[in-house]
Each structure stands twice: as C-alpha cells, then as structure tokens.
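The following exercises concern packing and strand pairing in a single protein model. Please work through each task before reading its solution.

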Amino acid sequence: MTGPSVPLPDGGARRGRESSPRAGHAEGDETRFTVVAPSGIGEISPGDDLARIVGDALDREGGLREGDVVVVTSKVVSKAEGRVVAATDREQAITEETVRVVATRPSPGGVLRIVENRLGLVMAAAGVDASNTPEGTVLLLPVDPDASARALRAALAGRFGVRVGVVVSDTAGRAWREGLTDLAIGIAGVVALDDLRGGVDSHGRELSVTVTAVADQVAAASELVRGKAAGRPVAVVRGLGRFVTDEDGPGARVLVRDPETDMFREGSAEAYARGVTAGQVAGREAIERFAREAGYADGYREGFAEGFREGTGTPQQG
C-alpha cells in the first residue's frame, strides 16, 4: 500500500461528539494520519461478496489495525448489491430516483438536473452514474448505504479482530465551488459530526458554531489516493482512531441539512418562476375580489382595462 502522510491541524478542545458519544481513543499521533489504497480489488459484479473481496485485498497488505477507517466507494457497493439497471432512458432513471427538483439548467448534453434523491442527498442526476458501467446500463446508489456500511464493518471487524469504522463515499459537486469531491453517504462506527461548540479556540474564545463534518473529510481524503480511474475503490485511513466508535452510530443521514435550516432549498431561477406564478395568481384573485366588492364585475373589468390603457398609453383595440 502507498499513500501520503497528511498533517492534522490542532482544532481546539474536542467536546460533545453528540452524533457518536462513545468515540474511541486508539493510540497514535493526533497531528497526522495516513491514507493508503490497496490494489487487487478487481471488477465487482452483482452478487459478489464485497466484504470477502475487500478483506482479501487488505489481508495481502497486512490487514487492519485498531481504529482504522475503511472507505469504500458507492460504485462497488452498488455493483455488488445489483444496482445496475438498463438505461434505455437514463433520464427516466433519474426521474425515478428523484424526490424533489432543486434546479435545472440547459447543458451541452441536455438538461442538467440538481435534485434531492430518496437518501436526502442533493446532487446532479440524483446520483445516477453512467461511468465505468457496461454499455446500455447505469448505476444507482445503494438502497441503504448506512446498512451497507454496517454490514461491511461487521464482516471486517470479525475477520481482523479489531475495532474499525467504515465509510461509503460518493462524488458530488458543491454549491459555489468548482470541482468535485467525495463525501460520506454511508457511515458505520465513525463520528459523522464532531461538535466543538462549548470548547475554546487558541485564544480562549468560546466556539459557538463549529461542527466539523469528520466523515466527509475522511471520504474526501481517501479519494486523493484512490483516484477515479486507477481501479482502487477502497482506501484505509489510519491514525484517526479517536473518531472510531464502539457502536455503528446514526449513519450519514445526520449530515443532511434539515429543510428548516436550508437557506438555499431551490435554485434562483426556480424561485423566480415560482414567484411569478404566485404573483399572477394573486393579481387575478385581487381583480376578482375588487370586482365582487364593487358589485359590478363586468363594469369593473371594463373600467380596469380602460384605466390600464390610459395609464400605459396602450392604444384601444377596435
């Protein structure tokens, strides 16, 4: 296995990991961690025993240690779970995976749809992937990535006899930022959110809003050594045992922002169109209401039309 050593900055007091209150404390240097990607995974097909295949690859590289985090791409999880579907109409597959349309824009390949899928994730094309799949098929995200992570964790912990964490990752874009990064869509035994509120910074000031998305950071770090086309869909992150928990934990759903706190729930063009529609409806309702109040609906409409023409300089018809 090969991989870089990544320094971890001091982050102030670590308190109240509410999403995973029983985080472990594996020994190690808390100022650095390593990310390595084993080879030999090979192509995954529906029905394959992914835990065995991953375990074999890890065994050839010395196995796992206490507090390791294994990051597995959603692509190989989906393939093993048979989430490969015929794509005679990829757009229909996207529609079927969509819960809510956030924004649509024309693109060179058609219409780009940013949507919320049934996992609560907001991403392009609902996470439907047409890359690295047989011709005429597309790959859907796992039905329950948290359950997939829990199953992998149980199998790997049983095989190697150590406490480990598992993250299922997927690639997504980000609002206001160019480029793609990996994020956690399935989590078992890893702190999802490290809540630092109530601690203090290096100057003694209380932290009031700092909640670190640990699992997303782990997923993003792993992609740097896995790559998109290197045939290495698994990475081991070593040195972050303090974020590995005894229990499986609540999963990745805690990383999805609640609608009540989502300030950007829809695209600007979509919000504008909705406002125009609401204004049109309100205008029609106002005219009808004023007409009813006047008691002479026909006369009111004619008078309104005449006044509108005079006020705008529009010539009278006929």
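Contact means that heavy atoms lie within 4.5 Å. The model is a predicted one.

**Exercise 1.** Identify the buried residues of α1 and the elements against which they pack.

*Solution.* Step 1: apply the cut-off for burial, under 20% relative accessible area. Leu50, Ala51, Ile53, Val54, Gly55, Ala57 and Leu58 of α1 are buried. Step 2: look for their packing partners, which are β3, α2, α4 and β13. Step 3: examine one of these residues, Leu58. Beyond its neighbours within four places in sequence, Leu58 is in contact with Pro38, Gly63, Leu64, Val70, Leu156, Phe160 and Val236.

**Exercise 2.** Determine which residues touch the most other members of the largest nonpolar core, and which element gives the largest share of this core.

*Solution.* Step 1: the core holds 32 residues, and those touching the most other members are Ile44, Leu50, Leu58, Leu64, Val70, Val72 and Leu156. Step 2: elements giving two or more residues include α1 (50-60), α4 (145-160) and β10 (177-188). Step 3: α1 provides the largest share, six residues.

**Exercise 3.** Describe the order and pairing of the open sheet of three strands, and explain why β5 and β7 each have one side without a neighbour in the sheet.

*Solution.* Step 1: the strand order is β5-β6-β7, and the pairing is antiparallel. Step 2: β5 (98-107) and β7 (122-124) are at the edges with a single partner strand each, so one side of each lacks a neighbour in the sheet. Step 3: neighbouring strands are turned by 25° against each other on average, direction ignored. Step 4: β5 pairs with β6 (residues 110-117) over eight bridges, and Arg100 stands opposite Glu116 in β6.

Conventions:
Residues numbered from 1 in each chain as written. Predicted model: local features only at pLDDT ≥ 70, side-chain atom pairs only at ≥ 80, totals over all residues. Heavy atoms only, no water. Core = buried A, V, L, I, M, F, W, Y, C linked by side-chain atoms within 4.5 Å. Buried < 20%, exposed > 50% of the residue type's maximum accessible area, 1.4 Å probe, protein only. Helix = DSSP H or I, 4+ residues; strand = E, 2+ residues; numbered from the N terminus. Pairing = 2+ DSSP bridges. Axes fitted to C-alpha atoms, helices over the stretch in contact; angles between N-to-C directions.
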